[in-house]
Amino acid sequence: MSPWIIIVILGACAIAYALIMPKKDKVQEPGHQLVQEMESTLEHYMAEIENDNDALIQRVAEMKGEAAAADQRMQSQLQELQERLAELENRKSLEAEKYVNGALIHNASGLQAQGLVDSVRFESEAEVSEVDLQVVEQESPPLRDSIKERYAELFNLYAEGKSVDAIAKQTGIQRGEVQLILQLAEREES
């Protein structure tokens with residue numbers, strides 16, 4: 001090839017290259033603009049996420065405070081209920097003790113009155129009129145059966161080794177009553 005053809009071809013290549021180069025810059029410019037838009041969108045998204053995280057952290061802190069306050073209220077209510085339960089148990093034990101003492105005194109007075117009636121009968125049946133005997137019998141209440149006779153089923157179950165709860169379920173008597181009956185029987189035996 002002749003040198004002038006080489007020069008013409010090189011010139012044409014240079015011109016074509018010059019025309020292509022500005023087009024590359026124009027193609028890169030919209031891509032650059034797209035990258036900038038994406039960066040700003042991502043920055044905006046990150047700012048929103050940070051705001052949401054801050055709001056979430058604040059809400060969690062509020063919920064934690066509310067939970068602590070609710071826990072404190074429940075603790076105070078539990079304490080109050082425990083105190084009331086202890087007071088009721090004390091009151092019930094005092095009433096049970098009064099009942100036991102009253103029953104023992106009642107049984108003792110009944111035994112004394114029966115003994116009095118028997119002694120009056122044996123001393124002189126002729127001297128005691130029918131009216132006097134009726135008055136003495138009216139004043140003394142009839143003797144009660146022993147507690148084991150009245151609650152035979154309960155004591156049979158207890159002798160079988162059943163628990164207080166099982167006895168209460170089977171007999172329909174409340175648990176506290178079953179315990180009280182068992183305690184009364186122990187006192188009656190001693």
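## Helix α5 and the glycine after it

Gly-172, just after α5, has a positive phi of about 80°. The model is predicted, and α5 (residues 164-171) has the highest mean pLDDT among the elements of the chain, at 92.

Three residues of α5 are buried: Val-164, Ile-167 and Ala-168. Seen down the helix axis, these buried residues fall within an arc of 100°, so they line one face of α5. The cover over them includes α4 (152-159) and α6 (175-189).

## Helix α4

The buried residues of α4 include Leu-154, Phe-155 and Leu-157. They lie on the same side of α4, because they cover an arc of only 160° around the axis. Among the elements that cover them are α3 (147-150), α5 and α6.

Phe-155 also has a charged neighbour: Lys-148 lies over the face of its ring, at 5.6 Å from the ring centre. The count of aromatic pairs is zero. After α4 comes Gly-161, with a positive phi near 95°.

## Ile-173, between α5 and α6

Ile-173 sits in the loop between α5 and α6. Is this residue buried or exposed? Its relative accessibility is 17%, so Ile-173 counts as buried, the cut-off being under 20%.

Leaving out residues up to four places away in sequence, Ile-173 touches Tyr-151, Leu-154, Ala-168 and Val-178. Of these contacts, Leu-154 is one of the buried residues of α4, and Ala-168 is one of the buried residues of α5. Ile-173 and Leu-154 are 19 residues apart in sequence, with their C-alpha atoms 9.1 Å apart in space.

## Glu-188, in α6

Glu-188 belongs to helix α6. With a relative accessible area of 38%, Glu-188 is partly exposed. Which residues does Glu-188 contact, leaving aside its neighbours within four places in sequence? They are Ser-146, Ile-147 and Lys-148. Lys-148 is the residue that lies over the face of Phe-155.

The contact with Ile-147 includes a polar one: the side chain of Glu-188 reaches the backbone nitrogen of Ile-147 at 3.3 Å. In sequence the two residues are 41 apart, while their C-alpha atoms are 8.0 Å apart in space.

## The chain as a whole

The chain contains six helices and zero strands, so the order of elements from the N terminus is α-α-α-α-α-α under the DSSP assignment. Of its 190 residues, 12% count as buried. Among contacts between residues at least 6 apart in sequence, 51% join residues at least 24 apart.

## Confidence

The average pLDDT of the chain is 77, and 70% of the residues score at least 70. Where is confidence lowest among the elements? Helix α2 (residues 130-139) has the lowest mean pLDDT, at 45.

Two stretches stay under a pLDDT of 50. Over residues 119-137, pLDDT stays under 50, and the model has eight contacts beyond four places in sequence for this stretch. Over residues 139-143, pLDDT also stays under 50, with six such contacts. Low pLDDT means that predicted coordinates should not be read in detail.

How values were computed
Residues numbered from 1 in each chain as written. Heavy atoms only, no water. pLDDT = per-residue confidence, 0-100. Helix = DSSP H or I, 4+ residues; strand = E, 2+ residues; numbered from the N terminus. Contact = heavy atoms within 4.5 Å. Buried < 20%, exposed > 50% of the residue type's maximum accessible area, 1.4 Å probe, protein only. Arc of directions from axis to C-beta. Phe/Tyr/Trp six-rings, centres within 6.5 Å; stacked < 30°, edge-to-face > 60°. Lys NZ or Arg CZ within 6 Å of the ring centre and 35° of its normal. Polar contact = N/O pair within 3.5 Å; in protein donor to acceptor, adjacent residues only side chain to side chain.
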